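Reader: Please pick one part of this model and take me through it closely. Then set it in its wider surroundings, out to the contacts between domains and chains. Keep it brisk.

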There are 2 protein chains.
Amino acid sequence: MDLDVGNALAAVAEPGVPRDALERLDDRVAAAHERIERGVANGEFGYASLNLPETADTAAVETAADRIGDVDHVILVGIGGSALGAATLADALAGPDAAELHVLDNVDPAAVERTLDRIDLASAAVNVVSQSGTTAETLANFLVVRDAMADAGVDWTDRTVVTTGDAGNLRDLADAHDLPSVSVPDGVPGRFSVLSTVGLLPAALLGVDTDGLLAGASAAREKLGPSLFDSPAYAYGALAYALDVRGASMDVMMPYAEGLETFAEWFAQLWAESLGKDGLGQTPVRALGATDQHSQLQLYRAGPHDKLVTFVGVDDRPDVPIPSADLEGLDYLSGASLGGLLDAELDATEASLAAAGVPNLRVQLDAVDAESVGELLFSMEAACVLAGELYGVETFDQPAVEWGKEAARGLLRGDRTLDEGDSLEVE
Amino acid sequence: MDLDVGNALAAVAEPGVPRDALERLDDRVAAAHERIERGVANGEFGYASLNLPETADTAAVETAADRIGDVDHVILVGIGGSALGAATLADALAGPDAAELHVLDNVDPAAVERTLDRIDLASAAVNVVSQSGTTAETLANFLVVRDAMADAGVDWTDRTVVTTGDAGNLRDLADAHDLPSVSVPDGVPGRFSVLSTVGLLPAALLGVDTDGLLAGASAAREKLGPSLFDSPAYAYGALAYALDVRGASMDVMMPYAEGLETFAEWFAQLWAESLGKDGLGQTPVRALGATDQHSQLQLYRAGPHDKLVTFVGVDDRPDVPIPSADLEGLDYLSGASLGGLLDAELDATEASLAAAGVPNLRVQLDAVDAESVGELLFSMEAACVLAGELYGVETFDQPAVEWGKEAARGLLRGDRTLDEGDSLEVE
């Protein structure tokens with residue numbers, strides 16, 4: 001993975017980072033790196049996540065996956081960081097013959113019903129994931145899935161693998177029924193857990209190359225150092241921060257690879273929940289190239305200069321030639337391939353934004369494979385930790401979501417009414 | 001459909017709209033309404049879209065759908081406005097036994113290959129959609145699909161239905177092979193075409209109640225009038241505009257219904273491509289409740305006050321009770337249903353943002369059904385047209401995407417090199 005930051009400089013973009021400001025920022029990167037390395041070395045909460053390529057409990061993952069064995073469907077019951085990592089790995093890396101992953105990360109009755117209706121539960125495994133063992137959506141869905149299995153005559157204790165903390169009621173459940181289980185490691189917040197048991201177990205059930213994934217992450221880990229000019233991860237975090245404080249209040253994550261569409265969602269959680277506090281934080285916006293050229297590009301190029309666009313390009317793609325055409329005006333497609341067309345669109349869009357002075361960064365991967373995806377995910381985590389240091393926020397907590405959680409519980413218990421603000425209805 | 005704008009007022013939110021400013025804005029709404037009605041009456045480009053519930057060529061849709069008959073798969077080859085409307089209708093309204101819709105709206109060779117590999121082409125229909133008949137991505141994919149059909153021994157001329165303008169090479173192709181076809185109506189830009197042949201044909205192939213959809217749109221049309229206080233559509237457009245100019249530079253579209261997840265993407269195109277010009281335009285951000293409470297809510301509540309959050313709630317949902325639990329701490333779930341939990345989360349999140357002074361609007365639908373979805377889609381189109389008048393932009397064009405399109409063609413032809421801005425690589 002490498003990163004081109006040229007189109008984020010003030011010589012090209014407005015807002016843009018002057019070259020001398022980048023040099024000065026590099027001193028802060030060096031200090032932040034020192035802080036981060038100390039946290040990593042001491043296994044401090046959150047920072048410990050950056051140890052994962054080495055500390056992940058791959059043996060436990062393998063044992064649990066072996067106990068489940070071959071299935072056609074994996075139903076992942078989890079939400080937020082308990083779901084997005086697995087979904088990202090599945091969409092990027094699961095082969096065409098892998099089990100199908102169904103993520104129940106919402107409590108929409110219509111969607112849950114439809115998902116369960118179209119799965120043969122006799123050939124399905126369930127992975128229920130909640131660090132605390134108390135997440136309302138996850139436990140509600142798990143109870144519904146368990147019931148559906150009973151209705152289908154399937155023994156749920158035979159098909160359920162639990163991912164949770166060392167204590168709590170999901171741990172008790174696993175113990176009571178001798179379910180295969182893995183532990184969420186200490187010090188790893190959900191949104192940083194993709195390279196832990198949380199992401200690796202469902203990946204293993206889908207046959208993803210988890211060793212390659214961790215090797216890629218380790219390679220990115222090796223590149224962290226005291227200068228942004230030597231580390232793509234830190235360069236990304238530093239530039240995103242520097243552009244935000246200059247007015248790019250959004251970061252559009254726009255991979256040119258459908259397999260990375262869910263990666264953009266994973267990134268959006270990482271960025272929003274880690275940095276969105278104290279009135280600060282850049283808003284992540286998920287996009288997909290080339291599709292969103294026909295939806296969002298008009299705004300990106302001609303709208304306010306309030307966003308950074310991050311492109312993700314890919315060197316190696318499958319070769320699918322475009323057949324020759326009996327249609328007029330298509331001479332330029334003859335001899336091209338779908339991948340060639342996609343790459344040309346990326347290059348043209350990057351140039352189009354640069355010409356309009358819209359700041360953009362380009363992440364380039366060798367391929368959408370386990371090593372490159374591991375490197376990408378680890379790099380974005382490190383970028384986020386660095387950005388958190390530069391903003392001076394508590395990167396690893398998420399206090400603002402508690403109010404609503406407690407309020408929702410109160411509403412369901414019937415012991416709370418809400419002041420829903422003002423009401424002015426237009427009917 | 002009704003709209004609650006109370007939490008967008010200055011009494012609750014910052015930024016918020018003072019009540020007297022809203023009264024003054026209503027004078028501008030009256031003037032804009034007059035302009036819009038004139039455009040609609042004269043069938044002017046773009047404005048003509050608001051005539052669609054009455055002018056849509058449903059007979060042509062029915063004839064074309066009948067010629068295709070029953071299939072298990074519908075492959076829609078189109079991009080942007082040629083795809084998002086159909087995808088929105090399919091995800092919101094297709095029944096569990098409907099044909100499956102596969103949208104090829106990108107030229108990623110890995111994704112196209114995988115999609116074609118897992119479809120039985122003998123039971124598939126192809127709907128190729130391009131107004132101009134020259135869209136590079138669409139034609140490239142169509143050529144690949146046609147080839148795959150030939151390889152599978154399927155006569156593509158027997159399974160292809162064309163949606164295009166009155167002239168151009170797709171029209172010629174349809175004529176040459178006597179393919180079933182429908183015409184994209186005059187005066188309707190792609191992002192406003194969901195209620196035309198463009199959206200209705202694939203919907204009909206999936207058995208969607210297109211009459212109900214158009215009836216819902218007509219009901220919304222009836223509600224347009226000279227005051228935002230009488231029209232949810234205009235109230236939405238006016239408030240989004242008024243909040244943007246006061247600092248809410250993003251509009252987070254967050255339906256609490258998985259079936260409306262694609263609606264948020266459709267909205268994002270409508271909003272971005274229509275209003276993102278002349279340095280103006282609010283950036284649409286797609287979200288999904290309750291899932292994104294565990295991903296984005298921290299930022300929305302505790303980050304900068306630079307966004308409006310639009311909730312979409314639903315009155316009637318399927319009843320899926322949450323089974324009673326042998327797990328501790330879940331007493332508050334007993335007797336509840338998944339829908340009840342989802343609604344409680346929406347109410348709590350709305351109150352949580354109001355308490356933090358984050359501006360939000362709430363759209364409430366009767367159900368995720370054809371009438372309500374028709375009303376919603378039409379209302380958002382009218383809201384967008386109104387907002388365009390208030391911003392004073394050319395709502396119906398998208399000039400900024402042309403530069404990149406031409407550059408990509410030049411790259412493929414090999415007769416163009418790009419100035420890709422500056423380069424500073426970090427490896």
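**A helix end, and outward**

Author: Just after α7(A) comes A:Asp178, and its phi is positive, near 50 degrees. The model is predicted, so to speak of local features takes pLDDT of at least 70 and side-chain atom pairs count only at pLDDT 80 or more, while totals for chains, interfaces and linings use all residues. Residues count from 1 along each chain as its sequence is written, chains are lettered from A and ligands numbered from 1 in the order written, and side-chain values use heavy atoms, without hydrogens and water.

Helix α7 of chain A spans residues 169-176. Helices (H or I, at least four residues) and strands (E, at least two) are DSSP runs, numbered from the N terminus. In α7(A), A:Asn169, A:Leu170, A:Arg171, A:Leu173 and A:Ala174 are buried, meaning under 20% relative accessible area with a 1.4 Å probe, protein chains only. Their cover includes β4 (124-130), α6 (136-151), β5 (160-164) and β6 (181-183) of chain A.

Now the domains. An automatic or database assignment sets the bounds. In chain A it gives domain 1 (2-36 + 213-396) and domain 2 (57-184). Their C-alpha centres lie 32 Å apart. Domain 1 of chain A brings 14 residues to the contact, and domain 2 of chain A eleven. Contact means heavy atoms within 4.5 Å. Together the two domains bury about 910 Å², with 74% of it on carbon and sulfur atoms. Buried area is the accessible area (1.4 Å probe) lost by two parts on being put together, summed over both. On the domain 1 side, A:Thr262, A:Trp266 and A:Gln269 supply 43% of the area buried against domain 2 of chain A, more than any other three residues.

Zero salt bridges cross this domain interface. A salt bridge needs a side-chain nitrogen of Lys or Arg within 4 Å of a carboxyl oxygen of Asp or Glu.

Last, the chains. Chain A and chain B each put 139 residues into their contact. Between them they bury about 11,100 Å², and carbon and sulfur atoms give 62%. A:Gln298, A:Tyr332 and A:Val426 supply 8% of the area that chain A buries against chain B, more than any other three residues. Which charged links cross from chain A to chain B? The rule finds two salt bridges. One joins the side chains of A:Arg286 and B:Asp292, at 3.2 Å, N to O. Helix α13 (residues 338-355) of chain A gives the most to the side that touches chain B, with 14 residues.

Notes: Buried < 20%, exposed > 50% of the residue type's maximum accessible area, 1.4 Å probe, protein only.
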